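Visitor: Could you walk me through this structure, please?
Guide: Gladly; have a look first, and then ask away.

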Amino acid sequence: MKDLKECYLKELDAINNLNDLNDLKVKYLGKKGLITELTKNMSELSIEEKKEVGRVSNELKNDLNERINTLETKLREEELNKKLEREKIDVTLPGTKIENGAPNILEKVVEDFEELFMSMGYDVVDGPEIELDKFNFELLNIPKGHPARDAQDTFYIEDNEILLRSHTSPVQARVMTANGGKEPVRMICPGKTYRRDPDDATHSHQFMQVEGLLVDHNISLVDLKGTIDEIAKKLFGEDTTTRFRPSYYQFTEPSVEMDISCFNCKGKGCNVCKQTGWITIAGGGIVHPNVLRACGFDPKIWSGFAFGFGAERCAMLKYGINDIRTFYQTDLRELRAFDRKDV
Ligand code: DAH
């Protein structure tokens, strides 16, 4: 028994963590512990011996328990102090600056379009970027082999039938076809478009358009003019005026090019408007009867207008950006510069 005490005293001395202390506790005081074992064969002893063994083993138990408790308190305290030391916070250190995000300028302009048109009762719809020739061209009055196709140098994917849409106008054909000529249509479709254009300051092989279509009864150019007027004022300022110039698109007749008065010089002539006082922002016109018919609308009953804005062009004008590549280069310095402007 004396040997046992010497043993645990020595072992206790060497212990410097709670795990080892627990192991020691099990080793001596556990169910099969060395001290517990001492009282195992008591039945073989005389009464006197039993008393003696019981007393001494109890003493040992109590002694060891006390030592373990004292050491445990000490070790816990040490551990806590170490932890506090590790987690010490120096409140005088300078903070870590968290960078603010900034809205993407193109996204912002598209959202402006969406909000304006939604407030006028238009739906915002989506269409596929990988498109069928049928929707991109044929239903829009541009049959195979027609020279009007040359104006849009298209990326073909398969057999001249599947392509990357070269404009958002196929969504007009999709919406009208799905409608089946029964209900009026009022929709815009912002989205990506693709053309085999060289990438330079004003061209990109991928760019965004905002397509619009309204089909109802007795629709004329006047309705288109009123609508574009409203949008131009909201996007470029209340004193903006608009004008139409004759143009040509296969899917509208008559077709127009839509200009706004230069917001920079108010029409006097400057670099932004190339001294003309006017800036072209969209193409449009009255939906061609062939298009209405092909998409299931009877042109004797229905009429409509359509338009297409160049989203990058509008964003470039509005925010004074002179290179279209700015939108796609994700240069954080550029984004931060816009962040500081009144976006
Ligand atoms: N799709 C034409 C383009 O990419 C733009 C356009 C013009 C759309 C007239 C229209 C429209 O809906 O009526 O150049």
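What follows is a short conversation about the overall form, one sheet and one pocket.

Visitor: How spread out is the protein beside a compact globule, judging by its radius of gyration?
Guide: Bear in mind that this is a predicted model. It has eleven helices and ten strands. The globule rule gives 20 Å for 343 residues, and the protein is well over that, so it is more spread out than a compact globule, with a radius of gyration of 41 Å.

Visitor: What box do the C-alpha atoms fill, and what share of the residues is buried?
Guide: Taken along the principal axes, the box is roughly 125 × 50 × 35 Å. Of the 343 residues in the protein, the buried ones make up 39%.

Visitor: Which residue stands opposite Glu131?
Guide: Happy to trace that one. Three strands form an open antiparallel sheet in the order β2-β4-β3, with β2 (130–132) and β3 (156–158) at the edges, each pairing on one side only. Three bridges join β2 to the antiparallel strand β4 (residues 162–164). Within β4, the residue opposite Glu131 is Leu163.

Visitor: Which residues are closest to the centre of the second largest pocket?
Guide: This pocket has a volume of about 180 Å³. At least two lining residues come from each of α5 (105–119), β5 (185–194) and β6 (206–216). Of the 13 residues in the lining, those closest to the centre are Leu106, Glu107, Lys192, Gln206 and Met208.

Visitor: How many residues of that lining are charged?
Guide: The lining of the second largest pocket is mixed in character. Four of its residues are nonpolar and four polar, while the charged ones number five.

Key. Residues numbered from 1 in each chain as written. Predicted model: local features only at pLDDT ≥ 70, side-chain atom pairs only at ≥ 80, totals over all residues. Heavy atoms only, no water. Pairing = 2+ DSSP bridges. Helix = DSSP H or I, 4+ residues; strand = E, 2+ residues; numbered from the N terminus. 1 Å grid on protein atoms, 1.4 Å probe; cavity = no way out; pocket = protein on both sides within 12 Å on 5 of 7 lines; lining within 4 Å. Points joined across faces, edges and corners; volume = space filled by probe spheres on them. Nonpolar A, V, L, I, M, F, W, Y, C, P; charged D, E, K, R; others polar. Rg over C-alpha atoms; globule rule 2.2 N^0.38 Å. Buried < 20%, exposed > 50% of the residue type's maximum accessible area, 1.4 Å probe, protein only.
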